[in-house]
Structures are given as structure tokens and as C-alpha cells.
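The following explanation leads the reader through a structure by way of its helices and the side chains between them. Please keep the sequence and the coordinates at hand while reading.

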Amino acid sequence: MKRKITFVLSLLFGLMFINAGLNKFFNYMPPPENLPENLLKAFQAFTQIGWLMPLVGFAEVLGGLLFIFSKTRALGALVIFPVMIGIMLTNTLTDTSGLPIALVFFAINLWVIYENREKYLPMFKA
């Protein structure tokens, strides 16, 4: 049962990040019209840096793809982790309206990292 739950959560998590990453390249989802002014300014600043959004989009697509498959899920969780930190900071400091869903996705990412902790141990051995 745990494997099925893990697969479904990983699939939904991965697809969400693939969608968000592809949107950074193709802009097929318009931003909400009721964005707070400080969040709108932050997004405009991010787009002014020409390489930042494609880099984040690439990390989201790659991490989402890796996250879906159990063999590469541990690596996908690490690729997505810096993006999740940015999402958490944005939803904590700039606009808290998306914080509940951000917390759920952050918890899923941390759970996968915790479940795969033995795979990370070789990185910390001298």
C-alpha cells in the first residue's frame, strides 16, 4: 500500500513540476489577475534576469521527470529541493495565499528525501 501511495504522490508531484517548468518556456498559463503588487514586482524582476526563469524551468522539468520514476526519485528530490526552498520563501515572505499547497509539496519532497536518506550517505563520506 505504501508503494502505491508513494507512486501516486510522486506522479502528481512530478507532473506538477513538469507543468510549471514547461510554463516558464511556453507561457500557456496566464498569471492570476489578483496578484499582490509586491509579488508582481518580484516576478517582473525575475523575468528581467534573462537566464533565471529558463534555468528554474529546466530544473523543474528535469526534477519532475526524475521524481516520477522510483529509480531516480532520490535524485529528483535533490534537484527540486532548491526550487522548493524558493517556493516556500515566496509563499512565506511575499504572499501567503499559496502557503498551504506549498507546505504539502514541501512535505512530500522532504518525505522522499528522508525515505531515500541511505542513498545520500556516500556524498558525506570522506
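Directly after helix α1 comes Asn27, a residue with a positive phi, near 50 degrees. The model that contains it is a predicted one.

Helix α1 itself comprises 25 residues, and 36 Å separate its first C-alpha from its last, close to the 36 Å expected at 1.5 Å a residue. Its buried residues are Thr6, Ser10, Phe13, Gly14, Phe17, Ile18, Ala20, Gly21 and Asn23. The partners against which the buried residues of α1 pack are α3, α4 and α5.

Two of these buried residues introduce the aromatic side chains. A pair of aromatic rings is described by the distance of the centres and the angle of the planes. Over the whole structure, a search finds five aromatic pairs. One of them is formed by Phe13 and Phe17, a tilted pair with 4.8 Å from centre to centre and 45 degrees between the planes. Both residues belong to helix α1 (residues 2–26), where they are four residues apart, about one turn of the helix. Phe13 and Phe17 are each buried.

Phe13 also pairs with Phe105: the ring centres are 5.6 Å apart and the planes stand at 50 degrees. An angle of 50 degrees is neither under 30, as stacked would require, nor over 60, as edge-to-face would require, so this pair is tilted. Because Phe13 lies in helix α1 and Phe105 in helix α5 (residues 99–115), the pair ties together parts that are 92 residues apart in sequence. Phe105, like Phe13, is buried. Ring pairs join Phe13, Phe17, Phe67 and Phe105 into a cluster.

Phe17 leads on to a charged residue, Glu60, which is found in helix α3. Is Glu60 buried or exposed? Its relative accessible area is 4%, and the cut-off for buried is under 20%, so Glu60 counts as buried. The side chain of Glu60 is joined to that of Lys24 by a polar contact of 3.0 Å. Leaving aside residues up to four places away in sequence, Glu60 touches Phe17, Ile18, Ala20, Gly21, Lys24, Ile80 and Val83.

Ile80 and Val83 are among the buried residues of helix α4, along with Arg73, Ala74, Gly76, Ala77, Met84, Met88 and Asn91. The buried residues of α4 pack against α1, α3 (52–68), α5 and α6 (117–124). Helix α4 (residues 73–94) has 22 residues and should therefore span 32 Å at 1.5 Å a residue; the 30 Å between its end C-alpha atoms agrees with this. Along α4 there is a kink of about 35 degrees at Phe81, shortly before the proline Pro82.

Pro82 is itself found in helix α4. Its relative accessibility is 53%, and exposed means over 50%, so Pro82 counts as exposed. From Pro82 to Ile113 the C-alpha to C-alpha distance is 13 Å, with their positions 31 residues apart in sequence.

A last contact involves a charge and a ring. The charged end of Arg117 sits over the ring of Tyr114, at 4.0 Å from the centre of that ring.

Terms used. Residues numbered from 1 in each chain as written. Predicted model: local features only at pLDDT ≥ 70, side-chain atom pairs only at ≥ 80, totals over all residues. Heavy atoms only, no water. Phe/Tyr/Trp six-rings, centres within 6.5 Å; stacked < 30°, edge-to-face > 60°. Helix = DSSP H or I, 4+ residues; strand = E, 2+ residues; numbered from the N terminus. Buried < 20%, exposed > 50% of the residue type's maximum accessible area, 1.4 Å probe, protein only. Lys NZ or Arg CZ within 6 Å of the ring centre and 35° of its normal. Expected span 1.5 Å × (residues − 1). Bend = angle between axes of the 7 residues up to and from the residue. Contact = heavy atoms within 4.5 Å. Polar contact = N/O pair within 3.5 Å; in protein donor to acceptor, adjacent residues only side chain to side chain.
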